[in-house]
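This report goes through a single protein chain, beginning with one charged side chain and its partner. The overall layout and a few further residues follow.

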Amino acid sequence: MSQIIRRLGVAPRYRGSTNGGTCPDIFELADGNFAVIGTDVTDSLDAGLPPDAARADYERIVMITRETLVRAKPDIPDA
């Protein structure tokens, strides 16, 4: 498994999480992939996936807040 090399965006405490209860986060991994901490919404969204989208049994649909992604945008590589 790859290692986390950096956070994209700001730490959850700078997005209003003072008790660790809402901590969506995005990390870049050493192998160039990304890891996301978010709320598992697989059960509620799986049936609504578009016809050209699929999910393997080992994959989950994860939701992050808009603010988490917007604040990470400057750190997301163009290529």
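## Arg6 and Glu28

Arg6 has a relative accessibility of 31%, so Arg6 counts as partly exposed. The model discussed here is a predicted one. The partner of Arg6 is Glu28, and the two form a salt bridge in which the closest N and O atoms are 2.6 Å apart. Glu28 lies in strand β2 and Arg6 in strand β1, which covers residues 4-8, so the pair ties together parts that are 22 residues apart in sequence. The pair also appears as a polar contact between the side chains of Glu28 and Arg6, at 2.6 Å.

Is Glu28 buried or exposed? Glu28 is buried, because its relative accessible area is 13% and the cut-off for buried is under 20%. Strand β2, where Glu28 is found, spans residues 25-29. When neighbours within four places in sequence are set aside, the contacts of Glu28 are Gln3, Ile4, Ile5, Arg6, Leu8, Asn33 and Phe34. Arg6 is thus among the residues in contact with Glu28, and the bridge joins a buried Glu28 to a partly exposed Arg6.

## Other salt bridges

How many salt bridges does the count come to? The count comes to 5, and the pair Glu28 and Arg6 is one that forms such a bridge. Another is formed by Asp40 and Arg60, with the closest N and O atoms 3.0 Å apart. Asp40 belongs to strand β4 (residues 39-40), while Arg60 sits in the loop between α1 (42-45) and β5 (62-63), so this pair ties together parts that are 20 residues apart in sequence. Asp40 is partly exposed because its relative accessibility is 44%. Arg60, at a relative accessible area of 42%, is partly exposed.

A further bridge joins Glu67 and Arg71, where the closest N and O atoms are 3.2 Å apart. Glu67 and Arg71 are 4 residues apart in helix α2, so about one helical turn separates them. The relative accessibility of Glu67 is 36%, which means that Glu67 counts as partly exposed. For Arg71 the value is 34%, and Arg71 counts as partly exposed.

## Overall layout

The protein has 2 helices and 5 strands. Along the sequence these elements follow the pattern β-β-β-β-α-β-α. Taken along the principal axes, the C-alpha atoms fill a box of roughly 35 × 30 × 25 Å.

Of the 79 residues in the protein, 22% are buried. The exposed area is about 6000 Å², of which carbon and sulfur atoms supply 53%. Among contacts with a separation of 6 or more, 46% are between residues 24 or more positions apart. The protein carries 9 positive and 12 negative side chains, and the centres of these two sets lie 10 Å apart.

## Buried positions in helix α2

Helix α2 covers residues 66-72, and Thr68 is found in it. Thr68 has a relative accessibility of 2% and therefore counts as buried. Which side chain is joined to that of Thr68 by a polar contact of 2.6 Å? The side chain is that of Thr65. Leaving out neighbours within four places in sequence, Thr68 is in contact with Arg15, Pro24, Asp25 and Ile26.

Ala72 is also found in helix α2. The relative accessibility of Ala72 is 0%, so Ala72 counts as buried. With neighbours within four places in sequence left out, Ala72 is in contact with Leu8, Gly9 and Ile26. Ile26 is therefore listed for Ala72 as well as for Thr68, under the contact cut-off of 4.5 Å between heavy atoms. Ala72 and Leu8 are 64 residues apart in sequence, yet their C-alpha atoms are 4.8 Å apart in space. Leu8 is in addition one of the residues in contact with Glu28.

How values were computed: Residues numbered from 1 in each chain as written. Predicted model: local features only at pLDDT ≥ 70, side-chain atom pairs only at ≥ 80, totals over all residues. Heavy atoms only, no water. Buried < 20%, exposed > 50% of the residue type's maximum accessible area, 1.4 Å probe, protein only. Areas by Shrake-Rupley, 256 points an atom, 1.4 Å probe, with all protein chains shown as cover. Lys, Arg positive; Asp, Glu negative; His and termini not counted. Charge placed at Lys NZ, Arg CZ, Asp CG, Glu CD. Polar contact = N/O pair within 3.5 Å; in protein donor to acceptor, adjacent residues only side chain to side chain. Salt bridge = Lys/Arg side-chain N within 4 Å of Asp/Glu carboxyl O.
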